[in-house]
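Good morning, and thank you for joining. I would ask you to look at the sequence and the structure together before we go through the fold.

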Amino acid sequence: MMEIALRAALLAWLAADPALSGQLNAIVEEAPSRTALPWLAVAASASADWSVKDRAGREVRIALELHCRGDRPDTAALLTSAIEARIAALPAAQAGFRVVNTQFLRARAEQRAANTRAILIEYRFRLMAD
């Protein structure tokens, strides 16, 4: 399934970035149970058919959630920008599929209890099977 393969490829791509992995305590598939802030995880994903006559395709939406600590509105602004830049640079050629395009959809920041923040970043990827 291309959605699962894209999730794995995206997380591996993000984790392979030395700057991101140096700033984040985890880059994972789901919220870690015992990891210190900051960390990044897939919050949700969904896919729909995007096939053509002779090839299977999927449109996949992935929401990533960055959890960090801070009380200022610009907390993690640079880290969020670095995550977005890394996603934009995801190579088109992947194992079993090709990323046709990547589009930023929306972001949401939320102040939470105990001086923590959650920043949701959502993207749409259009994929074609090899």
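Let me begin with a point of detail: which residue in strand 3 stands opposite alanine 44? It is alanine 63. Please bear in mind throughout that this is a predicted model.

From that pair we may widen the view to the two strands concerned. Strand 2 and strand 3 are paired antiparallel, over 10 bridges. A second facing pair in this region is aspartate 49 with arginine 58, the latter being in strand 3. Strand 3 also pairs with strand 6, again in the antiparallel sense, and here the number of bridges is 13. There, leucine 64 has isoleucine 121 of strand 6 opposite. Strand 3 is mostly covered, with 10 of its 13 residues buried.

How are the strands ordered in the sheet? The sheet is open, has 6 strands in the order 1-2-3-6-5-4, and its pairing is mixed. At its edges are strand 1, residues 27-28, and strand 4, residues 93-94, each of which pairs on one side only.

Turning to the whole chain, the secondary structure consists of 3 helices and 6 strands. Read from the N terminus, the succession is α-α-β-β-β-α-β-β-β.

I now come to helix 3. This helix covers residues 77-88, which is 12 residues, and spans 17 Å between its first and last C-alpha, close to the 16 Å expected at 1.5 Å a residue. Which of its residues are buried? They are Leu79, Thr80, Ile83, Arg86 and Ile87. Viewed down the axis of helix 3, these buried residues fall within an arc of 125°, and therefore line one face of the helix. Leu78 and Ala88, on the other side of helix 3, are exposed. The cover over the buried residues includes helix 1 (2-15) and helix 2 (18-23). From the strands, it includes strand 2 (39-49), strand 3 (57-69), strand 5 (97-112) and strand 6 (116-129).

Next, a residue outside the regular elements. Alanine 56 lies in the loop that joins strand 2 and strand 3. Is alanine 56 buried, exposed or partly exposed? Its relative accessible area is 36%, so alanine 56 counts as partly exposed, since that class lies between the 20% and 50% cut-offs. Beyond its neighbours within four places in sequence, alanine 56 has contacts with Met2, Ser51, Leu127, Met128 and Ala129. By contrast, the C-alpha atom of leucine 11, which is 45 residues away along the chain, is separated from that of alanine 56 by 23 Å.

Finally, the overall dimensions. The radius of gyration is 15 Å, which agrees with the value near 14 Å for a compact globule of 130 residues. Along the principal axes, the C-alpha atoms fill a box of roughly 50 × 25 × 25 Å. Of the 130 residues, 42% count as buried. The accessible surface comes to about 7,000 Å², and carbon and sulfur atoms account for 53% of this area. As for contacts with a separation of 6 or more, 60% involve residues 24 or more positions apart.

To close, I return to the starting point: alanine 44 and alanine 63 face each other across the antiparallel pairing of strand 2 and strand 3.

Technical notes: Residues are numbered from 1 along each chain as its sequence is written. This is a predicted model: local features need pLDDT of at least 70, side-chain atom pairs count only at pLDDT 80 or more; totals for chains, interfaces and linings use all residues. Side-chain values use heavy atoms; hydrogens and water are left out. Helices (H or I, at least four residues) and strands (E, at least two) are DSSP runs, numbered from the N terminus. The expected span of a helix is 1.5 Å times one less than its number of residues. Buried means under 20% relative accessible area, exposed over 50%, partly exposed in between (1.4 Å probe, protein chains only). The arc is that of the directions from the helix axis to the C-beta atoms. Contact means heavy atoms within 4.5 Å. The radius of gyration is taken over C-alpha atoms; the globule rule is 2.2 Å times the number of residues to the power 0.38. Accessible areas come from the Shrake-Rupley method with a 1.4 Å probe; for residues, only the protein chains shown count as cover. Two strands pair if DSSP finds at least two bridges between them.
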